[in-house]
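Work through the exercises below with the sequence and the coordinates at hand, and try each task before reading its solution.

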Amino acid sequence: MVAATVATGRKPSEVQLCLPTKTQPVELIHAALQADADWRAANPHQAVTPAIIAENRVQELVAKGPALAELGAELRPELHFIGPLQTNKINHALRWAAAVQTVDTPRLAAALAARVPGTEPLPVWIQVNVSGETTKSGAAPAEVTEVVDAVGQLPQLRLAGFMTIAANSPDPAVVAPGFALLRTLRDDAAARFPNLDLGLSMGMSRDLELAVAEGSTLVRAGSAVFGPRN
Ligand SMILES: *Cc1c(COP(=O)(O)O)cnc(C)c1O
């Protein structure tokens, strides 16, 4: 990922690494966090922020959350939720997740807001289905303004940015326009809410270089780090 930022003329500090850890045991996650900490200690001038850990199933988040929370302060990761979220599982998810990247309807935004623990607003990312593939979750691009407005009206939530899973294609000419679309949607929202610093969670192992070239601020790379899932 550092190579991808440098190749596109961006700084490594502009792009944060998010490690989706589905199917990975806590020991491997711990080792990845240690490697991340070691790399940052050896490269302080890059000013790279610590990796985020993300789970896409509430059950797995709840299973691994306690062990990750027990890690020492220098390794304890920020946990994000990146999968489809059912209303009846929100309380379990928010017990461990510090941010939810998959808000795609005003209804889910309201349900989350009603369950945010404590007084700090919950950072949320609006998931957008940029490819229109029917198998993918996410708001349609035309629905995004409505979701942005819903989040904006809920003081328990803070809009942190936009997230997408790109088209499942090896062809950059198919994938890149989806990333560019997410960036346009982010820029529109940023123009309407100039006080918010809005990120772009886009790019997975297979397309992270393209996503970084299109402005990603948070790359979600699992198999590139942990190897193929079985
Ligand atoms: C698993 C997952 C990723 C990472 O996919 P890789 O191909 O392993 O990099 C990214 N985003 C989401 C939402 C995921 O569930």
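**Exercise 1.** Leaving aside its neighbours within four places in sequence, which residues is Val-174 in contact with? Then place Val-174 in the secondary structure and classify its exposure.

*Solution.* The model is a predicted one. Starting with the contacts, and setting aside the neighbours within four places in sequence, one finds that Val-174 touches Ala-167 and Ser-169. As for secondary structure, Val-174 belongs to helix 7, which covers residues 172-192. Val-174 counts as partly exposed because its relative accessibility is 43%, and this class lies between the limits of 20% for buried and 50% for exposed. Finally, Glu-143 stands 31 residues from Val-174 along the chain, and 22 Å separates their C-alpha atoms.

**Exercise 2.** Identify the residues that come nearest to the ligand, and describe the polar contacts of the ligand's oxygen atoms.

*Solution.* There are 13 residues around the ligand, of which Lys-22, Ser-205, Gly-222, Ser-223 and Arg-229 come nearest. Ser-205 places a side-chain N or O atom 2.4 Å from a ligand oxygen, while Gly-222 uses a backbone N or O atom, at 2.8 Å from an oxygen atom of the ligand. For Arg-229, a polar side-chain atom is 2.8 Å from an oxygen atom of the ligand. The ligand taken alone exposes 390 Å², and 91% of that area is buried by the protein.

**Exercise 3.** How many aromatic pairs does a search of the whole structure find, and which residue lies over the face of Trp-96?

*Solution.* The search of the whole structure returns zero aromatic pairs. Turning to Trp-96, its face is covered by Arg-95, at 4.3 Å from the ring centre.

Methods. Residues numbered from 1 in each chain as written. Predicted model: local features only at pLDDT ≥ 70, side-chain atom pairs only at ≥ 80, totals over all residues. Heavy atoms only, no water. Phe/Tyr/Trp six-rings, centres within 6.5 Å; stacked < 30°, edge-to-face > 60°. Lys NZ or Arg CZ within 6 Å of the ring centre and 35° of its normal. Helix = DSSP H or I, 4+ residues; strand = E, 2+ residues; numbered from the N terminus. Buried < 20%, exposed > 50% of the residue type's maximum accessible area, 1.4 Å probe, protein only. Contact = heavy atoms within 4.5 Å. Near = heavy atom within 4 Å. Polar contact = N/O pair within 3.5 Å; in protein donor to acceptor, adjacent residues only side chain to side chain. Areas by Shrake-Rupley, 256 points an atom, 1.4 Å probe, with all protein chains shown as cover.
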